[in-house]
Amino acid sequence: GPSPVRRRRPGASMPRGAEGPGRLNFALASLVLVGAAVGYGAARDPLSDVMETLKAYASKAEGPEKDAFADASEILGSLKGDRAKLQEERAKLEEERLKHRERSRKRREEIKAALGDVGEAMKKLREGQENVRRNAGEKAKKEEEEEREKKDEAQEEPEGEAEPGGFKSDGGGGWKPPFDDPFEEIVGDMETHTAALKADRDKKREDFKATQQEYQDAQRVVIELERQLREATAKVRQLDEDRKQKKAAMQAAEKAVLKSYTDFAASVERTARHAMGQEAPEDPAGAAADEEPGRRRAGEESSHRFERVAPKPHAEAVLWGSPDYRGDSHRLRCCGYFDLSKVRRPASVRSISLPEGVRAVLYPSASRFRDEESGADTGDVEIFGSIRKVDDLITFTQRCCEAIQLVAGLQHHEMKSVVLFEAADFEGSPLEAFLPGDFELRRPMRVGSVRVPVGLKATFYSAPGFRDGSFISALRQDTGTFPVEESNPRQDRQPRLPVVSLKVRRISEEDFHGLIVFPLPSFRGRPQFFQSGAHYVYPEAWFPIQSLRLTNRSYIRMFMEERFVKVDEDREAVEKDQQRPHTLEVAAVCEPFDLCGEHGKCVAPQRCDCHGGYQGQYCHLQAPDESSAVVCERNAVVHGETLPCRLLPRRYNQACNATSLFLKVKLRGDAEAAGTLFGSPVASERGHIGSSPQESSAFGFDAVFNRTGKFDKAFEFLVFNRPQQG
């Protein structure tokens, strides 16, 4: 409120100029009343009252006070004009909304009336069909009765007087023997019946044509009405979106007007206090600078544009026969398509060196194109940098490579490249951008934040060559607090080590399961990805979730302050009270529900993540240790006799299920030259060639000795080719 005024003593006169501060304080109080009147919707225009008051005081004021009142009057006049324009625009929007509501009501009534006509037509059609069937039945029954009566009359009618001996008179005075045509009655009946059937058929044809025409007309009406309904529904949906957008714009404009009143009051107060000598003037243009500048959130794109990276002249790619750029090599000059089936060395490509500005497409067959007839995917892989181990990019059933294509030029973008920033919260210019490949940085980088597009995974190391023990972090989403993931429930402090090398990979289709959230409705904006099979904290600094997508057979639980919501389908628009969950659980569907048992959890459709030393597709297997045993039926056999034995896998002296894929039993010492093992995958010398692995708690095999002798500890048990001493 205004500063207190010192009281005068009785009889003392007011010094000259003391009335100025009083008038300014009264103007300030009037402006406060303006804000209250605007907020509560006063019937009288507060701006006009304040302008009249300011003009009255301006006529009496002198010097700086008069200038301050003149500036205030000018600002109020501008605000009054803006408010009038806003009220006109609001009235137009309201009028348009009422017109649209009236049009929608009339359209709904028309559609309802049309649907009623269609129902009446369908009812008449059904009644006509029923009448046709009933008339046809009655007519057939009546004709059948008439035909039966004619036959009875024909049998009763006499044909002439019979003479003795079986002859009858012909009216001519002589007697002739009677002639009885056996087919006359049959032909007559056939002609009569055929004529009746033809007449009935023609009548039914005419009835069917008329009914068919009515049905087709009604069907056309229904199709037209359905089309109009779809168009009207789409138009209503579009108008609803436009209405929401215009409503948001109107609310923003109203907020802007109210904020302008507040800023104006603050400006007048600062000017008045400066005029009274109470405080230093402030820059009105910097009034909003007191607010803390907002950080750039995950999902917000920056305006930075990357330059296209072109290769140097005579750039060459090198194909290596061993991992880590070792072994036989073959050089390919950029750029073009190269058939490697004719290259003798290296026989198999295990690593690739790519020059800067060159990308490569690897093909598992000699053809550059996919088999369009069968639709099969040849598994071609696109890389944008060197690869230390090509085997990481292809399946174990594939062999690299029959062909390679080198393409010149790279173009980075935040929506498809991994981008590193030196400062936290994505501030400043990017340090560097990367696409899928293995990269050794020219110099160690202090990284504060990282952008990772959906579908990519970036792994960071603090030593060259991805050396063991140098792992820093692996990211599938943006983080403004590198190396800590913002969505990780365990926000443990980690040392901020410089990044020396990094690996960028495209997440394969079989591993891409989880949730994708978008900052805008209808799946627009820069999205973020959450891998299934884990819990996440949704960072407060991130955008509100406006829409979301779920991969196949995945679902999420969104935990709010007082409840949680399960979502198992895509949403183009997320409800406002669900846009900022504090916790997310992203899960996959495994069938049956206990597929992973008690020693694992479902992390992807029909895929388990095992714990507690368990392994296997269903987390039902363990790796045996030295407590396992080999037991045979007896310890003395005849030369050439088959000795049945069993391997009993155990872990910590407890029986367990195991797979024969990593287990092996063989003879050792003198027994190795005296006998042979067979009859089981665990005893096979060449692994599982021609047979599949076995999973069991006991593996039977046979031993045959072709030489006599005494063999102590004749068997050796290996797990992952490591002997188990026991």
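Asp152 is partly exposed, with a relative accessible area of 39%. In this predicted model, Asp152 belongs to helix α3, which covers residues 64-156. On the surface, Asp152 gathers with Glu145, Glu146, Glu149 and Glu153 in a patch of negative charge. Membership of such a patch requires over 30% relative accessible area and no salt bridge; the 39% of Asp152 therefore satisfies the requirement on area.

**Salt bridges**

Charged side chains are also paired elsewhere: the structure holds 34 salt bridges. Three of them are set out below, with the separation of nitrogen and oxygen for each pair.

| Pair | N to O separation | Location |
|---|---|---|
| Lys204 and Asp200 | 3.1 Å | both in helix α4 (residues 184-275) |
| Arg451 and Glu414 | 3.5 Å | strand β13 (residues 449-451) and the loop between β9 (403-408) and β10 (418-421) |
| Arg442 and Glu432 | 3.7 Å | strand β12 (residues 437-445) and strand β11 (residues 430-434) |

**A pair within one helix**

The salt bridge between Lys204 and Asp200 has an N to O distance of 3.1 Å. The two residues are 4 residues apart in helix α4, about one turn of the helix. Their surroundings can be described by accessibility: Lys204 is partly exposed at a relative accessible area of 36%, whereas Asp200 is buried at 16%. The value for Asp200 falls under the 20% limit and is therefore classed as buried.

**Pairs linking distant parts of the chain**

Arg451 forms a salt bridge with Glu414, with 3.5 Å between the closest N and O atoms. This pair links distant parts of the chain, 37 residues apart: Arg451 is placed in strand β13, and Glu414 in the loop between β9 and β10. Both Arg451 and Glu414 are buried.

Arg442 and Glu432 likewise form a salt bridge, their closest N and O atoms lying 3.7 Å apart. Here strand β12, which holds Arg442, is linked with strand β11, which holds Glu432; the partners are 10 residues apart, and the pair is another link between distant parts of the chain. Arg442 is exposed, its relative accessible area being 69%, and Glu432 is partly exposed at 21%. The class of Arg442 follows because its 69% is over the 50% limit.

Through salt bridges that share partners, Glu414 and Arg451 are joined with Asp478 and Arg526 into one network.

Notes. Residues are numbered from 1 along each chain as its sequence is written. This is a predicted model: local features need pLDDT of at least 70, side-chain atom pairs count only at pLDDT 80 or more; totals for chains, interfaces and linings use all residues. Side-chain values use heavy atoms; hydrogens and water are left out. Patches are made of residues with over 30% relative accessible area and no salt bridge: like charges are joined within 9 Å, nonpolar side chains (Val, Leu, Ile, Met, Phe, Trp, Tyr) within 5 Å. Accessible areas come from the Shrake-Rupley method with a 1.4 Å probe; for residues, only the protein chains shown count as cover. A salt bridge is a side-chain nitrogen of Lys or Arg within 4 Å of a carboxyl oxygen of Asp or Glu. Lys and Arg count as positive and Asp and Glu as negative; His and the chain ends are not counted. The place of a charge is taken as NZ of Lys, CZ of Arg, CG of Asp or CD of Glu. Buried means under 20% relative accessible area, exposed over 50%, partly exposed in between (1.4 Å probe, protein chains only).
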